[in-house]
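Grab your viewer and work through these exercises one at a time. Each task comes with a solution, so try it yourself before reading on.

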Amino acid sequence: MLRSKAHLAAALAALCAASAFAQPGILTRELLVQYTPDWKGERFADGRPKVPDGILQRMKSVTLEEAWAQLRTAGFNHEYEDGWLSIHPEKVLVGRALTAQWLPGRPDIQKVIEEQGKKDGRIGGENAWPVDMLQPGDVYVCDHFGLKQDGPSIGDNVGNAIYARSHNGIVYDGAVRDINGLKELEDFTSFVRYYDPSHHFGSLASGARLNSTMIGINTPIRIGKATVMPGDVVLGRDGGVLFIPPQVAEQVVQYSEITHLRDLFGHQRLREGKYTAGQIDAAWSAPIEADFSVWLRENIDKLPVGKEQVEEILKRRQK
């Protein structure tokens, strides 16, 4: 009897696992919630954590060093990757990750996925499927295993579709084509591995030329040395990209803002000759901390951090 119950439990578990992937390679809402348990805020319909727009806007002023320091403090040690070719490198990329993963082409797997795509009413090639899922503010983050020749699944047509849906750029571990057309998109701030004039062969119609198969959408992926979850906040600037778990995003911006303010205060007081470099570089004494609080109140309408955020900083300092 016990053995029969054990077999029944195993069968039910297998059935649940199979039903969770009704669409091959697309994580269900339930699994996305399960794999992001530390996020307690709003979510998209697909289950991705939805970090508030206000946090994303504030994130644009955060440096990679500031975010990296807070990620390490929170125990996240594998969230940074560099070595990119940047589109609009003078700008900052911030948004919520929607992920996709490719593998070297396998016609047997490709057949299953294409057939399922037809049943699900998906339009066009696999490279268009995640694009159709993008929401405003998303960043398409794609692991194309660094494929260069015959690898670009993003050119100016797909790039325009991404831009139209997300109003944002991409992080793409692979090659893009039509790079001149992509550069014409003013805010398509993107980090890619290569430019290559070839184009991608990603369907059974390409026959023996099939060179990659999209195996996952909205799944955990690897980008170089970094692990990326759907809903992570992407921060790309100065040649590098950080993937920030959503539950840490507010902590990151708060740390950045207080760091900026302390630097402004310290530099001003040094120019005024009120304190020495040794006093500002070291842990601040109680009188300097008190002076900083007064300075925040007196300059609250002139600072490069929002008034609401400065008031919150002052409240935290009073505790």
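**Exercise 1. The second largest pocket**

What volume does the second largest pocket have?

*Solution.* Keep in mind that you're working with a predicted model. Start with the volume: the second largest pocket comes out at about 160 Å³. Next, look at the walls. There are 14 lining residues, and Phe76, Met229, Asp232, Pro245 and Gln247 are the ones nearest the centre. Then ask where the lining comes from: strand E9 (226-228) and helix H8 (246-272) each put in at least two residues. Last, sort the lining by class, and you get eight nonpolar, three polar and three charged residues.

**Exercise 2. The largest pocket**

Work out which element gives the largest share of the lining of the largest pocket.

*Solution.* First, the space: about 250 Å³ lies in this pocket. Its lining has 15 residues, with Lys60, Val94, Gly137, His167 and Asn168 nearest the centre. Two elements, helix H3 (53-59) and strand E3, give two or more residues each. Of the lining, E3 supplies four residues, and that's the largest share. By class, the lining holds four nonpolar, seven polar and four charged residues.

**Exercise 3. Finding the nonpolar cores**

Which residues of the largest nonpolar core touch the most other members?

*Solution.* The core has 25 residues, and the best-connected ones are Tyr140, Ile154, Ile162 and Ile170. Now map the core onto elements: strands E3 (93-104), E4 (138-143), E5 (170-176) and E7 (212-217), plus helices H6 (156-166) and H7 (179-183), each give two or more residues. Zoom in on isoleucine 154. Skipping neighbours within four places in sequence, its contacts are Tyr140, Gly159, Ile162, Ile170, Tyr172, Val176 and Arg177. Finally, there's another core apart from this one, with 18 residues, including Met59, Leu64, Ile244 and Val252.

**Exercise 4. Checking a helix**

Compare the expected span of helix H10 with the distance between its end C-alpha atoms.

*Solution.* Helix H10 covers residues 286-298, which makes 13 residues. At 1.5 Å a residue, the helix should span 18 Å; the end C-alpha atoms sit 19 Å apart, so the two agree. Next, pick out the buried positions: Ile288, Asp291, Phe292, Ser293, Trp295 and Leu296. An α-helix has 3.6 residues a turn, so residues three or four places apart point the same way. As for what covers the buried residues of H10, the list includes H8, helix H9 (277-281) and H11.

**Exercise 5. Two residues side by side**

Are isoleucine 288 and glutamine 309 buried or exposed?

*Solution.* Take isoleucine 288, in helix H10, to begin with. Its relative accessibility is 3%, so it counts as buried. Leaving out residues up to four places away in sequence, isoleucine 288 touches Phe265, Tyr275 and Gln279. For a long-range check, go from isoleucine 288 to tyrosine 35: they're 253 residues apart in sequence and 44 Å apart in space, C-alpha to C-alpha.

Now glutamine 309, which lies in helix H11 (residues 307-318). The cut-off for buried is under 20% relative accessible area. Glutamine 309 has 18%, so this residue is buried too. Its contacts, again not counting residues up to four places away, are Arg58 and Glu257.

**Exercise 6. The whole protein**

How many helices and strands does the protein have?

*Solution.* Count 11 helices and 11 strands. Then box the C-alpha atoms along the principal axes, which gives roughly 75 × 65 × 30 Å. Of the 319 residues, 47% count as buried. To finish, take contacts between residues at least 6 apart in sequence: 72% of them join residues at least 24 apart.

Terms used
Residues numbered from 1 in each chain as written. Predicted model: local features only at pLDDT ≥ 70, side-chain atom pairs only at ≥ 80, totals over all residues. Heavy atoms only, no water. Buried < 20%, exposed > 50% of the residue type's maximum accessible area, 1.4 Å probe, protein only. Contact = heavy atoms within 4.5 Å. Core = buried A, V, L, I, M, F, W, Y, C linked by side-chain atoms within 4.5 Å. 1 Å grid on protein atoms, 1.4 Å probe; cavity = no way out; pocket = protein on both sides within 12 Å on 5 of 7 lines; lining within 4 Å. Points joined across faces, edges and corners; volume = space filled by probe spheres on them. Nonpolar A, V, L, I, M, F, W, Y, C, P; charged D, E, K, R; others polar. Expected span 1.5 Å × (residues − 1).
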